[in-house]
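Work through these exercises with the model open beside you. Try each task before reading its solution.

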Amino acid sequence: VVYTQSEILQREVYLFERLDSPNREPMKHLKAICFLRPTKENVELLVQELRRPKYSVYFIYFSNVISKSDVKALAEADEQEVVAEVQEFYGDYIAVNPHVFSLNLLGCCRGRSWDPAQLARTTQGLTALLLSLKKCPMIRYQLSSEPAKRLAECVKQVITKEYELFDFRRTEVPPLLLILDRSDDAITPLLNQWTYQAMVHELLGINNNRIDLSRVPGISKDLREVVLSAENDEFYANNMYLNFAEIGTNIKNLMEDFQRRKPKEQQKLESIADMKAFVENYPQFKKMSGTVSKHVTVVGELSRLVAERNLLEVSEVEQELACQNDHSSALQSVRRLLQSPRVSELDAARLVMLYALRYERHGSSGLPALLEELRGRGGTDRYRKLVSAVVEYGGKRVRGSDLFSPKDAVAITKQFLKGLKGIENVYTQHQPLLQETLDQLIKGKLKDSQYPYLGPNTLRDRPQDIIVFLIGGATYEEALAVFNLNRSNPGVRIVLGGTTIHNTRR
């Protein structure tokens, strides 16, 4: 995720090995750079490596704080004195976008409380992030969530214990770490998306910048897995936050531009200058040809899935469930789609989940009938169980915030106006709860009673550096919201992180 293999080759690193691969040959003419998480297993593997070193010199970098006892164990194993240096180089998390990070953890809680191993891993990931950004923050957390409070306390403990590492130059306004719980907004990860990055993750799945296209009908061998990374792909960088309709136009322009630059087949390479020009332009051309074929394939597959699964219609009803408040119309729409053979089982279940989250306490709830219909479609109880699990995870009983009804008159008017004005795009009316929370935070209006500070100190000024972390995973829709908030609030920098990055399947 951090570096492409070709970039590393330019730095004269020619061999890539995993520490745990068993049959590595000794190569005493090579130096080794080791970059590892400081886990028990890794330290043990490194101890074995140093007892029988395969390379001439070792430069060891740990992605997080390592204990003195582990350093001692390594020193004792290094009898041949091959270790040239040991450093902590904080990078114990996955940097996904310039303002988004993930820990690639799935299922971090058991019920309403942390899985202890995952809590330890999340604490390490968050503290490494703070160290790499050189931030010693004040901490606020979501009061309604026990896991948020636990994580806040664990991070605070590390900061206190490693106070020398966290002794950064003080800024005028201290940075703020805000810890939230996914269960406060279970709606956002269940919606179909219509901006490029979010849509690719929803329909194809992005895994460490890689997309698996092996299921695409008639796919060529070299496109079975492609990499989408804004660092190395200009088209993706310019289009990741745009709507699908715009992407179609942009890809057409990309194609036309490519056609114009194509080297003419009959081009006569008569002089040395011709050959030189051809050789110089060829790598650019080759790179562009790779970019074009990749995005044409990805966009083509997205279009195919949208049509095949009838997603425009499905998405319109999802947005109605998430944003409008008209029970009878919503119920009719969901019923209509459940009866349509063009709607996949996953999408049918997703609609029932959204309906259940939205209208679970409604007097004339149609949920039992919808569940029966869902069962009739698939012939199994699997999705029924999932619907009740989702309500148990993110239902009204659990939520600390009011996900659906705005409290004050201003918010109600705003929603009404948005209803009138925002219809130009039915598919992207929804705003994640996170947007509202961060907006309140930036304006200094986020209630201490719902999001208390850990410890006695509070922030007097409006925050400028905000790190927001979602236990249970963030989404690319929220990444887009944070991107827009960063753009529209100069002087405020927000970084978004989560235990993972969700789509509906996850």
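**Exercise 1. Find the residues in contact with valine 200, leaving aside its neighbours within four places in sequence, then place valine 200 in a core.**

Step 1. In this predicted model, valine 200 is in contact with Gly205, Ile206, Ile211, Leu228, Val298 and Leu302.

Step 2. Now look at the largest nonpolar core, which has 97 residues. Valine 200 is among those with the most contacts inside it, together with Tyr196, Leu302, Leu321, Leu438 and Ile494.

Step 3. Ask which helix gives this core its largest share. Helix α12 (residues 345–359) does, with 11 residues.

Step 4. Another core, of 30 residues, lies apart from this one. Leu105, Trp114, Ala152 and Phe168 are among its members.

**Exercise 2. Work out the strand order of the open six-stranded sheet and say which strands stand at its edges.**

Step 1. The order is β4-β5-β15-β13-β9-β8, and the pairing is mixed.

Step 2. β4 (94–97) and β8 (138–141) each have a single partner strand, so one side of each lacks a neighbour in the sheet. These two are the edges.

Step 3. From one strand to the next, the twist averages 25°.

Step 4. Check the mixed pairing on two pairs of strands. Strand β13 (residues 465–471) and strand β15 (residues 493–498) run parallel, joined by six bridges. Isoleucine 466 has isoleucine 494 of β15 as its bridge partner. By contrast, β4 and β5 run antiparallel, with three bridges. Asparagine 97 is partnered by valine 100 in β5.

Step 5. Trace the link between β4 and β5. A hairpin of two residues joins them.

**Exercise 3. Which helices lie on this sheet, and at what angles?**

Step 1. Take α4. This helix packs on the sheet and touches β5 (100–102), β9 (176–181) and β13. The directions of α4 and β13 make about 165°.

Step 2. Take helix α17 (residues 476–488). It lies across β4, β5, β13 and β15. Its angle to β15 is about 170°.

**Exercise 4. Is threonine 122 buried or exposed, and what does it touch?**

Step 1. Locate threonine 122: it lies in helix α4 (residues 116–132).

Step 2. Its relative accessibility is 0%. The cut-off for buried is under 20%, so threonine 122 counts as buried.

Step 3. List the contacts, not counting residues up to four places away in sequence. Threonine 122 touches Leu103, Leu105, Trp114, Leu151, Phe469 and Thr499.

Step 4. Tie this to the cores. Leu105 and Trp114 are among the members of the 30-residue core.

**Exercise 5. Place asparagine 192 and serine 315, and show that they are in contact.**

Step 1. Asparagine 192 sits in the loop between β9 and α6 (196–203). Serine 315 is in helix α10 (residues 311–323).

Step 2. Asparagine 192 has a relative accessible area of 3%, so it is buried. Serine 315, at 0%, is buried too.

Step 3. Leave aside neighbours within four places in sequence. Asparagine 192 is then in contact with Glu202, Leu203, Leu311, Val314, Ser315, Glu318, Asp347 and Arg350. Ser315 is on that list.

Step 4. Confirm from the other side. Serine 315 touches Asn192, Trp194 and Tyr427, not counting residues up to four places away.

**Exercise 6. Describe the largest cavity and say which helix gives the largest share of its lining.**

Step 1. The structure holds two cavities of 30 Å³ or more. The largest has a volume of about 100 Å³.

Step 2. Its lining includes Gln142, Leu180, Asp181, Arg182, Leu433, Tyr451 and Glu478.

Step 3. β9 and α16 (433–442) each supply at least two lining residues. The largest share, three residues, comes from α16.

**Exercise 7. Sort the residues of strand β1 by face, then find its partner strand.**

Step 1. In a regular strand, side chains alternate between the two faces of the sheet.

Step 2. Apply this to β1 (residues 31–36). Ala32, Cys34 and Leu36 form the covered face. Lys31, Ile33 and Phe35 form the uncovered one.

Step 3. β1 pairs with strand β2 (residues 57–62) in the parallel sense, over six bridges. Isoleucine 33 has phenylalanine 59 of β2 as its bridge partner.

Notes. Residues numbered from 1 in each chain as written. Predicted model: local features only at pLDDT ≥ 70, side-chain atom pairs only at ≥ 80, totals over all residues. Heavy atoms only, no water. Helix = DSSP H or I, 4+ residues; strand = E, 2+ residues; numbered from the N terminus. Buried < 20%, exposed > 50% of the residue type's maximum accessible area, 1.4 Å probe, protein only. Contact = heavy atoms within 4.5 Å. Pairing = 2+ DSSP bridges. Axes fitted to C-alpha atoms, helices over the stretch in contact; angles between N-to-C directions. Core = buried A, V, L, I, M, F, W, Y, C linked by side-chain atoms within 4.5 Å. 1 Å grid on protein atoms, 1.4 Å probe; cavity = no way out; pocket = protein on both sides within 12 Å on 5 of 7 lines; lining within 4 Å. Points joined across faces, edges and corners; volume = space filled by probe spheres on them.
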